[in-house]
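Dear colleague,

I am handing over the structure below, together with my notes on what I found in it. Please read the notes with the model open beside you.

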Amino acid sequence: MDEITIYDKIDKLSKKIGIEDEDGKTILEVELTDNPDVKSLNLKSGSWEAKEPWFVIDEKKKIHALISLDTLTKMVKNLKDLGQENFELKLEKTIWKHLPVDFGDVWVVAMDEIKNMAKSSQNAQAVRLDIEKLIANIKKKHPSLFVDLKRLYSNVPPHDMLN
């Protein structure tokens, strides 16, 4: 891969992650030395004080991103938070789909079930959860927490359903 293509790739990636300024982008290149255990990092553009990430082109012309441990920690935390939010939205959607009488009550029961599953599992991270199945089981165990449309409509004469 020639240098123009590498720099074009870095420019495209930079724009995707919100780095527009040419001066704010640090690009380093790894160069081999006479000692096979030592490599040299040469500043190609930007500065050593520029914002992260720094882009590193290795000796095989592969592009890497270099970030600080603080930035990596924040990214991991944000991904965990996003995963938690995504899970909670899926749980909420599934609960509403089953027509709860009181959403909060079903939420509490579901969270208790999830905590119990996590406790009984050796590795809480490894718990694979089928949210649809979880709520269906709660509905079977606690039918009073959900609206039973069949029973509701079976007590209403057909001509009254229109009014």
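What follows goes from the overall layout to the sheet and then to the helix contacts.

Please keep in mind throughout that this is a predicted model.

Overall layout

The chain has 5 helices and 4 strands, and when it is read along the sequence these elements follow the pattern α-β-β-β-β-α-α-α-α. Of the 163 residues in the chain, 21% are buried. If one takes the contacts between residues at least 6 apart in sequence, 47% of them join residues that are at least 24 apart.

The sheet

The 4 strands form an open sheet in the order 2-1-3-4, and the pairing within it is mixed. Strand 2 (39-45) and strand 4 (63-66) stand at the edges with a single partner strand each, so that one side of each has no neighbour in the sheet. On average, and with direction ignored, neighbouring strands of this sheet are turned by 30 degrees against each other.

As general background, strands of a sheet pair through backbone hydrogen bonds, in either a parallel or an antiparallel manner. Here, strand 1 (residues 27-32) pairs with strand 2 in the antiparallel sense over 6 bridges, and a hairpin joins these two strands through 6 residues. Within this pairing, Glu-31 has Ser-40 of strand 2 as its bridge partner, while Glu-29 stands opposite Asn-42 in strand 2. Strand 1 also runs parallel to strand 3 (residues 54-57), to which it is joined by 3 bridges; in strand 3, the bridge partner of Glu-29 is Ile-57. Glu-29 is thus a useful place to start when inspecting the sheet, with Asn-42 opposite it in strand 2 and Ile-57 as its partner in strand 3.

The helix contacts

Two packed helices are described by the angle between their axes and by the distance between those axes, and I have used both for the two pairs below.

For helix 2 (residues 69-97) and helix 3 (residues 103-120), the axes come within 11 Å and cross at roughly 125 degrees. Because angles over 115 and up to 145 degrees fall outside the roughly perpendicular and roughly antiparallel ranges, helix 2 and helix 3 are oblique to each other, and their crossing is right-handed. Helix 2 contributes Phe-87, Glu-88, Leu-91, Glu-92, Ile-95 and Trp-96 to the contact, and helix 3 contributes Phe-103, Val-106, Trp-107, Ala-110, Met-111 and Ile-114. By class, the residues of this contact divide into 10 nonpolar, no polar and 2 charged.

For helix 3 and helix 4 (residues 131-141), the axes come within 10 Å and cross at roughly 115 degrees, and these two helices are therefore roughly perpendicular to each other. The crossing of helix 3 and helix 4 is again right-handed. The contact is made by Val-109, Ala-110, Glu-113, Ile-114 and Met-117 on the side of helix 3, and by Leu-134, Ile-135, Ile-138 and Lys-141 on the side of helix 4; its residues comprise 7 nonpolar, no polar and 2 charged. Ala-110 and Ile-114 of helix 3 take part in the contact with helix 2 and also in the contact with helix 4.

With best regards

Note on methods
Residues numbered from 1 in each chain as written. Predicted model: local features only at pLDDT ≥ 70, side-chain atom pairs only at ≥ 80, totals over all residues. Heavy atoms only, no water. Axes fitted to C-alpha atoms, helices over the stretch in contact; angles between N-to-C directions. Parallel < 35°, antiparallel > 145°, perpendicular 65-115°, else oblique. Left-handed = near helix turned anticlockwise from the far one by under 90°. Contact = heavy atoms within 4.5 Å. Nonpolar A, V, L, I, M, F, W, Y, C, P; charged D, E, K, R; others polar. Pairing = 2+ DSSP bridges. Buried < 20%, exposed > 50% of the residue type's maximum accessible area, 1.4 Å probe, protein only.
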